[in-house]
Amino acid sequence: MLVKVDTAAVQGLQAIPVTTEVYATRGVQFYLVGLPDNAVKESHERIVAAIQNSGYRFPIQSITVNLTPADLKKEGSAYDLPIAIGILATADEISHDRLGKYLMVGELSLDGSLLPIRGALPIAIMARKQGYEGLIVPKGNIREAAVVNNIKVYGASNIQEVIDLLNNKEGAIEPTEIDTRKDFYDRQNHFELDFSDVRGQESVKRAMEVAAAGGHNLIMIGPPGSGKSMIAKRLPTILPPLSLSESLETTQIHSVAGKLNCNTSLIAQRPFRSPHHTISQVALVGGGQNPQPGEISLAHNGVLFLDELPEFSRTVLEVLRQPLEDRVINVSRARYAVTYPASFMFVASMNPCPCGYYGDPTHHCTCTPGRIQQYMSKISGPLLDRIDIHCEIQAVPFAQLSQMQPGEPSAAIRERVIRARNIQTERFRSLPSGRAGVGAVHCNAQMSEKMLHEFAEPDAASLDMLRMAMERLKLSARAYSRILKVARTIADLAGSEKVQSMHIAEAIGYRNLDRGDWAERGV
Ligand SMILES: Nc1ncnc2c1ncn2[C@@H]1O[C@H](COP(=O)(O)OP(=O)(O)OP(=O)(O)O)[C@@H](O)[C@H]1O
Ligand SMILES: [Mg+2]
C-alpha cells in the first residue's frame, strides 16, 4: 500500500514542498531514501519507539520511505512526524481521505511527544501559498506559525493528537488563532532598558542619536567601566520601531535559526546581537554543514555589537566587510548556495590601548605609542572605513554619578530620530534602486558618492573650513565623505535643508581614529 504525506524542507529562508511517500509490502525491512542526512536516517528508531509508546503497533512489513524531490538534501528531524503518520496510515490506523489537506512537520520524542523544529514560519508561509487547508506543527512552534493567516494552524503536543485530528475524532485539537498584529504593536514600545539610566555622557548619547538617525555605524573608544556596553545595549530603544514587513523578515531568520522562544510570534523590537569575541567565522556570517544564518543575519534590521573589537580574530573581522557593504551575505559551499539578509547597524567598542587608560585623566596609561599603534592596527583600515562615527568616552566618576539626575528618556530621543528618518525617506523615495543585488537607499549612511554631491554638498565657507580642519587634524582622505554623510544627518536632525558649517564641525569631531596623531596625544 502507498500513502503520501506532505511536508517541507527549508533552504536558506525558503520552505520547499516535500512529499513523504510510504510504501508497505511483505517483508521486514525499513528503507529510507531521498537524500536524507544522518538526523533523518536516525528517525527510524525514534518513530518505532514513538508509535509503540503511543499504544500502536509498528507494522511488521517491509516499509520504504521516499522523500521527494529526491535531489533536494533533507536535513534535521522535522520529517519524523510525516513519516510516522505515513506508516500508521499504511496500517489503516489513519483515514486516508483527509491526509492530503494537511502539511505537517515535527520531531518525535521516544514517548510520542512532538518537539519544536526550525523554520516553522517560512513553512507556514509556503503552506498557505500552496493552498493547504491546515498546517500541523509541534506546540512549541505554534506562535511563530500562527503569524500566517488564511490557513488553519494546529499545534500538537504529541502524535496521538495528530492521529485524532486526521481521524476527525470528537474533541480533537482546534486551530490556534492569535492576534499577532495586536500582540506585535503591544510589545513594540516596552523596553527593559532606557537611555535615562545613563547619567551624564551627553556627547556619547548625542553621537548615538546621530548614528541612529542616519543609520551610521559607530565605534566607541573608552576605558573599562566607562559605560560602553551599557550605552550600546540601549541603542534599539531609540531606533525607529520595526515595521510589520521588517519584523516578518527578521522573524523568519530567527525561525530558521531555531532562535525564537516558544512565547514569541513576531519579533517586535529591533534585535541586538552581541557575540563574544571568540566567535567563529561561520557563527558570525552563517553557513556550516547544514547552512544556518549567522549573527549578522540574526541582527538583520537591528544592531550588531562587537564589544572589545580588537579581541576578535582578524579573519572574522575581514568577513564582515562584504555584508557591511551589500547588506546581504552569500554563503556558498560545494553543495549549496544560499543568501541571507544582513542589513544591520554595526556598533563596536574598544579600549584606547592595551592597558585601557590611554587619555584617561584619572589613570596613568602604561602603554608606549608603539604598543598603542600596534593595538589600533588590529582593526584593519577597510573595516574602519565602514564606520562613520568614532566617539571617545570617558568614565563618569562615581561620586558624580550618584548625584546626577536621570538622563533624557529614550522615547524623547527616538522621536527626534524618527523625524530625521522621515526626512530621509522623502529624500530617497524617488531614487531608483542601487546596484544589482543591493537594495534601495533608506538612510544617509547608505548614500553613494554621487548622492553625497547631490544631497550633502556644503557651501563654499563650510568647504574651506573642512579643508582646513582636515589639514590641521591630519585627517585621512577617507574621512572626507564620512564627514559629509554624518553632517547630512546632523542637518536632518536640526531640520535644516542645507548642510551648514556647524553640522560639518560636529561631524569632524566624530573622526578621532582618522587623526594622524591618535597615538601621540597626551603622551
Ligand atoms: N554614565 C553612567 N550612568 C550610569 N551608570 C553607569 C555609567 N557609566 C557606567 N555605569 C555603570 O558602570 C557599569 C559598567 O559599565 P559598562 O560595562 O557599560 O562599561 P564598559 O565601558 O563596557 O566597560 P568594559 O570596557 O570593562 O567592558 C554599568 O553597568 C553601570 O552600572
Ligand atoms: Mg563592556
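In the predicted model, strand E14 (residues 303–306) runs parallel to strand E17, the two being joined by 4 bridges, and within this pairing Phe 305 has Val 347 of E17 as its bridge partner. A parallel pairing, likewise over 4 bridges, links E17 to strand E10 (residues 218–221), where Ile 219 is matched with Ala 348 of E17. These pairings belong to an open sheet of 5 strands, arranged in the order E11-E14-E17-E10-E18 and paired in the parallel sense. The edges of this sheet are formed by strand E11 (272–273) and strand E18 (389–392), each of which pairs on one side only. E18 is held to E10 by 4 bridges in the parallel sense, with Leu 218 standing opposite Ile 389 of E18. In general, the strands of a sheet pair through backbone hydrogen bonds, in either a parallel or an antiparallel manner.

Strand E17 (residues 345–350) is largely enclosed by the rest of the structure, because 6 of its 6 residues are buried. The covering extends to both faces of the strand: Met 345, Val 347 and Ser 349 are buried on one side, and Phe 346, Ala 348 and Met 350 are buried on the other. Val 347 and Ala 348, which lie on opposite sides of E17, are also the residues that serve as bridge partners of Phe 305 and Ile 219, respectively.

Helix H18 (residues 410–429) comprises 20 residues, for which a rise of 1.5 Å a residue predicts a span of 28 Å; the end C-alpha atoms are 27 Å apart, in agreement with that expectation. Its buried residues are Ser 410, Ile 413, Arg 414, Val 417, Ala 420, Arg 421 and Gln 424. These residues occupy an arc of only 130° around the axis and therefore fall on the same side of H18. Such an arrangement can be read against the geometry of an α-helix, which has 3.6 residues a turn, so that residues three or four places apart point the same way. The cover over the buried residues of H18 includes helix H8 (202–214) and helix H21 (479–493), whereas the face turned away from the buried side carries the exposed residues Ala 412, Glu 415, Asn 422, Glu 426 and Arg 429.

Ligand 1 is surrounded by 14 residues, of which Pro 224, Gly 227, Lys 228, Ser 229 and Met 230 come nearest. Helix H9 (residues 228–233) supplies the largest share of this shell, contributing 3 residues. By character, the shell divides into 5 nonpolar, 7 polar and 2 charged residues.

Elsewhere in the model, Leu 32 lies in strand E3 (residues 30–33) and counts as partly exposed, because 18 C-beta neighbours are found inside 10 Å, short of the 20 that would class a residue as buried. When residues up to four places away in sequence are left aside, Leu 32 touches Val 40, Lys 41, His 44 and Val 65. The C-alpha atoms of Leu 32 and Ser 43, which are 11 residues apart along the chain, are separated by 9.4 Å.

At the level of the whole protein, 22 helices and 18 strands are present, and the C-alpha trace spans about 90 × 50 × 45 Å along its principal axes. Buried residues account for 45% of the 523 residues. Of the contacts with a separation of 6 or more, 74% are made between residues 24 or more positions apart.

Technical notes
Residues are numbered from 1 along each chain as its sequence is written. Chains are lettered from A and ligands numbered from 1 in the order in which they are written. This is a predicted model: local features need pLDDT of at least 70, side-chain atom pairs count only at pLDDT 80 or more; totals for chains, interfaces and linings use all residues. A residue is near a molecule or strand if its C-beta atom, placed from the backbone, lies within 6 Å of it. Ala, Val, Leu, Ile, Met, Phe, Trp, Tyr, Cys and Pro count as nonpolar, Asp, Glu, Lys and Arg as charged, and the others, Gly among them, as polar. A residue is buried if 20 or more other C-beta atoms lie within 10 Å of its own, exposed if 12 or fewer, and partly exposed in between; C-beta atoms are placed from the backbone. Two strands pair if DSSP finds at least two bridges between them. Two residues are in contact if their C-beta atoms, placed from the backbone, lie within 7 Å. The expected span of a helix is 1.5 Å times one less than its number of residues. The arc is that of the directions from the helix axis to the C-beta atoms.
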